[in-house]
Amino acid sequence: MKHLLTAFFIVCFSGFGFSQVLPDSVVVDTKYREDQFYAGVTYNWLVKEPSGLSQTGFSYGLHLGFVRDMPINKRRNVAFGLGLGFAFNNYRQNMAIINEPNRGFNYSIIDDSENPYSKNKFSTYVIEVPFEIRWRTSTAQSYSFWRIYTGFKLGYVFYDTSRYEGSLGTFKYKNNDDFNAFQYGVTLSAGYDDFNLHLYYGLNSIFGDVRVDNEALDMTTLKIGLMFYFL
């Protein structure tokens, strides 16, 4: 029995001693970076729309990209971020886009009671370059933390589509030059751990020099949704 007790205490104190030295053996990355990949989904809300224009159905955006995290202080909780990403934006609304022979594209508000339709939307595919100023409560050993990222995003529309199906017929178009090729706006992402509220407000119009029913189409977008960040 004495030998069993001696062996028990030896095992216990050996384990205790091992547990005390284990943290010292863990290597802490003092050059860590945070949140270098992102993916998100947003609701795309049209603002500064012309008279009579309204959204129908669910307009959404999908976002995916990479941001190079560049800490600027010793604690590494403040950083700049510069990246490259892709976005798909879908807008369902009641503005018909119809190409008239020898006259170019015509834009008009649809009265559904007079000209019913089953589908009407336009979409953009965008290469984006985000620039952010980043603050977070992270450490080299913490994977759950608060963050506030704000900045500016420049986008290049490399492909666009519009589609109408209704009483006026069926019209499908792509690569309409009336879309602004370059679009830009301000961004804000804030949250804790995986779930972060994301906002984007466009500073220029989705379309170029375009009029709808003799009114300038200076419409831009407000995107509200969730952004997820990964190492």
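A salt bridge is a side-chain nitrogen of Lys or Arg within 4 Å of a carboxyl oxygen of Asp or Glu. The legends below use this term for a predicted model.

**Figure 1. Arginine 134 pairs with glutamate 132 in a salt bridge.** The closest N and O atoms of the two residues are 2.8 Å apart. Arginine 134 is buried, with a relative accessible area of 1%, and glutamate 132 also counts as buried, at 8% relative accessibility. The pair belongs to a network of salt bridges that links Asp69, Glu132, Arg134 and Arg136. Arginine 134 also lies over the face of tyrosine 149, at 4.3 Å from the ring centre.

**Figure 2. Arginine 147 and aspartate 35 meet in a salt bridge through their side chains.** The N to O distance is 2.9 Å. Arginine 147 belongs to strand E7 (residues 146-166), whereas aspartate 35 is in the loop between helix H1 (2-25) and strand E1 (37-47), so the salt bridge ties together parts that are 112 residues apart in sequence. Both arginine 147 and aspartate 35 are buried. Seven salt bridges are present in the structure.

**Figure 3. A salt bridge joins lysine 153 and glutamate 128.** Here the closest N and O atoms are 3.5 Å apart. Because lysine 153 lies in strand E7 and glutamate 128 in strand E6, the pair ties together parts that are 25 residues apart in sequence. Lysine 153 and glutamate 128 are buried.

**Figure 4. The rings of phenylalanine 58 and tyrosine 60 form an aromatic pair.** A pair of aromatic rings is described by the distance of the centres and the angle of the planes. In this pair the centres are 6.1 Å apart and the planes are at 10°. Planes under 30 degrees apart count as stacked, so phenylalanine 58 and tyrosine 60 are a stacked pair. Phenylalanine 58 is partly exposed, with a relative accessible area of 48%; tyrosine 60 is partly exposed too, at 25%. Ring pairs link both residues into a cluster with Tyr43, Phe86, Phe88, Tyr125, Phe158 and Tyr159. The structure has 22 aromatic pairs.

**Figure 5. The charged end of lysine 223 sits over the ring of tyrosine 200.** The distance from the ring centre is 4.7 Å.

**Figure 6. Serine 123 makes a polar contact with asparagine 90.** The contact joins the two side chains at 3.4 Å. Serine 123 is part of strand E6 (residues 117-136). With a relative accessible area of 4%, serine 123 is buried. Apart from neighbours within four places in sequence, serine 123 is in contact with Phe88, Asn89, Asn90, Tyr159, Asp160 and Thr161.

**Figure 7. The protein as a whole, shown as a setting for the close-up views, holds one helix and 13 strands.** From the N terminus on, the elements run α-β-β-β-β-β-β-β-β-β-β-β-β-β. The protein has 231 residues, of which 39% count as buried. Among contacts between residues at least 6 apart in sequence, 70% join residues at least 24 apart. The protein exposes about 13,200 Å², and carbon and sulfur atoms supply 62% of this area.

Note on methods
Residues are numbered from 1 along each chain as its sequence is written. This is a predicted model: local features need pLDDT of at least 70, side-chain atom pairs count only at pLDDT 80 or more; totals for chains, interfaces and linings use all residues. Side-chain values use heavy atoms; hydrogens and water are left out. Rings of Phe, Tyr and Trp (its six-membered ring) pair if their centres lie within 6.5 Å; planes under 30 degrees apart count as stacked, over 60 as edge-to-face and the rest as tilted. Buried means under 20% relative accessible area, exposed over 50%, partly exposed in between (1.4 Å probe, protein chains only). A charge sits over a ring if NZ of Lys or CZ of Arg is within 6 Å of the ring centre and within 35 degrees of the ring normal. Helices (H or I, at least four residues) and strands (E, at least two) are DSSP runs, numbered from the N terminus. Contact means heavy atoms within 4.5 Å. Accessible areas come from the Shrake-Rupley method with a 1.4 Å probe; for residues, only the protein chains shown count as cover. A polar contact is a pair of N or O atoms within 3.5 Å; within protein, one must be able to donate a hydrogen and the other to accept it, and residues adjacent in sequence count only if both atoms are side-chain atoms.
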